[in-house]
Amino acid sequence: MDNNKTASSDKECDNSVNIYESCPVLQNDRFVLRLVRDGDLNDLLMIYSDEKSVPLFNSDNCHGDDFHYTTPERMRAALDFWKQAYENGWFVRFAVEDKDAGAVIGTIEEFRRDENDFFTDCGLLRLDLRSDYEKSAEIESILSLIVAPSFRLFGCTIVATKAVPAAAERIKALENSGFVKSQEALIGHDGTKYYDYYVKYNNK
């Protein structure tokens, strides 16, 4: 039984909804964000085997996983883990579906982070895209769906996401969407300091 709740990007998400019990579907004229599912496997493999995309993925604090998956078996293992993570309330992994193409062209992972560093009370967002979608206009359209609802869905005061210096189109999209670069480090579980994060505050 599908308990997903549909919500357009310009409507308020119900504060009473627990995202790990009923995950909203967010959409605009071009893209749909929804939970990943088994049928996405082939599309996901195209994303995570894309060697141009891998350097732009955020693998900070991910125990050495670089998210470069080149076989259906490895992609299946990742997909199964993402589903388990959602069921256990660890993080949400949305599929980014292009309505025009009828294909999943990216994913978004997001969770609430509470740690002893700057990035606490934070919706930490990881956006993975197929390289042909790494364009500022496409990224802005996707961000417009997820950023505003994040403050309610994850109960956070800031949303943060990483963009390495080489990701010029992504950085442009983030800045156009109201994100600013932070000079603060995200401190990993082993004390490693990670940089290149952009943040957006609620109502700014």
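**Exercise 1. How far apart are the mean positions of the positive and negative charges of the protein chain?**

Start with what counts: Lys and Arg are positive, Asp and Glu are negative, while His and the chain ends are left out. Next, pin each charge to an atom, namely NZ of Lys, CZ of Arg, CG of Asp or CD of Glu. The protein chain then has 24 positive and 36 negative charges, and their mean positions lie 2 Å apart.

A word on the model before going on: it is predicted, so local features need pLDDT of at least 70 and side-chain atom pairs count only at pLDDT 80 or more, whereas totals for chains, interfaces and linings use all residues. Residues are numbered from 1 along each chain as its sequence is written, and side-chain values use heavy atoms, with hydrogens and water left out.

**Exercise 2. Work out how many salt bridges there are, then place the one between Asp98 and Arg30.**

Here's the general idea: side chains of opposite charge can pair when their charged atoms come close. The rule for a salt bridge is a side-chain nitrogen of Lys or Arg within 4 Å of a carboxyl oxygen of Asp or Glu. Apply that rule and you get 18 salt bridges.

Now zoom in on Asp98 and Arg30, whose closest N and O atoms are 2.9 Å apart. Asp98 sits in strand 4 (residues 92-98) and Arg30 in the loop between strand 2 (24-27) and strand 3 (31-35), so this pair ties together parts that are 68 residues apart in sequence. (Helices, H or I with at least four residues, and strands, E with at least two, are DSSP runs numbered from the N terminus.)

Last step, the surroundings. Buried means under 20% relative accessible area, exposed over 50%, and partly exposed in between, with a 1.4 Å probe and protein chains only. Asp98, at 2%, is buried, and Arg30, at 23%, is partly exposed.

**Exercise 3. Which parts does the salt bridge between Asp38 and Arg76 tie together?**

First check the distance: the closest N and O atoms of Asp38 and Arg76 are 3.0 Å apart. Then find the places: Asp38 is in the loop between strand 3 and helix 1 (41-48), Arg76 is in helix 2 (residues 72-87), and so the pair links parts 38 residues apart in sequence. Asp38 is partly exposed at 40% relative accessibility, and Arg76 is partly exposed at 27%.

**Exercise 4. Are Glu109 and Arg93 buried or exposed?**

These two form a salt bridge, with their closest N and O atoms 2.8 Å apart. Glu109 lies in strand 5 (residues 103-113) and Arg93 in strand 4, so parts 16 residues apart in sequence are tied together. Now read off the accessibility: Glu109 has 5% and is buried, and Arg93 has 2% and is buried. On a separate note, shared partners join Arg30, Asp98, Asp100 and Glu138 into one salt-bridge network.

**Exercise 5. Where are Asn61 and Asp196 found, and what is the sign of phi in each?**

Keep the background in mind: most residues other than glycine have a negative phi. Asn61 isn't a glycine, yet its phi is positive, about 65°. You'll find Asn61 in the loop between helix 1 and helix 2, where it is partly exposed at 23%.

Asp196 also isn't a glycine, and its phi is positive at about 75°. Asp196 is in the loop between strand 10 (193-194) and strand 11 (197-201), and at 19% relative accessible area it is buried.
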